[in-house]
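Trainee: I've got a new model open and I'd like to learn how to read it. Could you walk me through it?

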Amino acid sequence: MMMVRVGVVVLVVMATVVTMTEAGSVGAGHPGPPCRHTCFRENPGQPDDGETYCCDRGNLPDIPSETHPGRCPHAIPCPASGTRFQPKACAQDGHCRYHEKCCYNSCVKYHVCKLAS
């Protein structure tokens, strides 16, 4: 009788985990809240160039979309490992200051605020 109860508990726990994972997932292998905004990876010469990814799962302010003047600057070499590099994540220009653009950063692999050129 005890073995049956343990088996039932294990099945219930497994079903709960599967249900929770499926309920929170968006696309294959992306658990969490639904995607509010997608961005394109701009990573010339790399396999992920032009790939669409979720750049806001509700972790950024929900504000109207803006387009700031200027262009994204050319890519610069990534800082040395161990460098304190904490760029501000964004999904669109409205998440950045007016003189900045929301641009893909190939070092951190997501969009960040950069000075417009």
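**Reading the pocket, the core and a loop residue**

Mentor: Let's start with the largest pocket, which holds about 360 Å³ of space. Keep in mind that this is a predicted model.

Trainee: Which residues lie nearest the centre of the largest pocket?

Mentor: Ala75, Ile76, Tyr104, Asn105 and Lys114 do, out of 21 lining residues. Strands β3 and β4 (110–115) each give at least two residues to that lining.

Trainee: How many nonpolar, polar and charged residues does the lining have?

Mentor: There are 15 nonpolar, four polar and two charged residues.

Trainee: Okay, now the core. What's the general idea?

Mentor: In soluble globular proteins, nonpolar side chains tend to be buried together. Here, the largest nonpolar core has six residues: Cys39, Tyr53, Cys55, Leu60, Ala91 and Tyr104.

Trainee: Tyr104 turned up in the pocket lining too. What is Tyr104 in contact with, beyond its neighbours within four places in sequence?

Mentor: Quite a list: Phe40, Arg41, Glu42, Asn43, Asp48, Tyr53, Lys109, Tyr110, His111 and Lys114. Of these, Tyr53 is a fellow member of the core, and Lys114 is among the residues nearest the pocket centre.

Trainee: Let's try Arg71. Is Arg71 buried or exposed?

Mentor: To call a residue exposed, look for relative accessibility over 50%. Arg71 has 57%, so it counts as exposed. You'll find Arg71 in the loop between β2 (52–56) and β3 (100–105).

Trainee: And what does Arg71 contact, neighbours within four places aside?

Mentor: Lys101, Ala116 and Ser117. Also check Cys103: it is 32 residues from Arg71 along the chain, with 8.8 Å between their C-alpha atoms.

Definitions and conventions: Residues numbered from 1 in each chain as written. Predicted model: local features only at pLDDT ≥ 70, side-chain atom pairs only at ≥ 80, totals over all residues. Heavy atoms only, no water. Core = buried A, V, L, I, M, F, W, Y, C linked by side-chain atoms within 4.5 Å. Buried < 20%, exposed > 50% of the residue type's maximum accessible area, 1.4 Å probe, protein only. Contact = heavy atoms within 4.5 Å. Helix = DSSP H or I, 4+ residues; strand = E, 2+ residues; numbered from the N terminus. 1 Å grid on protein atoms, 1.4 Å probe; cavity = no way out; pocket = protein on both sides within 12 Å on 5 of 7 lines; lining within 4 Å. Points joined across faces, edges and corners; volume = space filled by probe spheres on them. Nonpolar A, V, L, I, M, F, W, Y, C, P; charged D, E, K, R; others polar.
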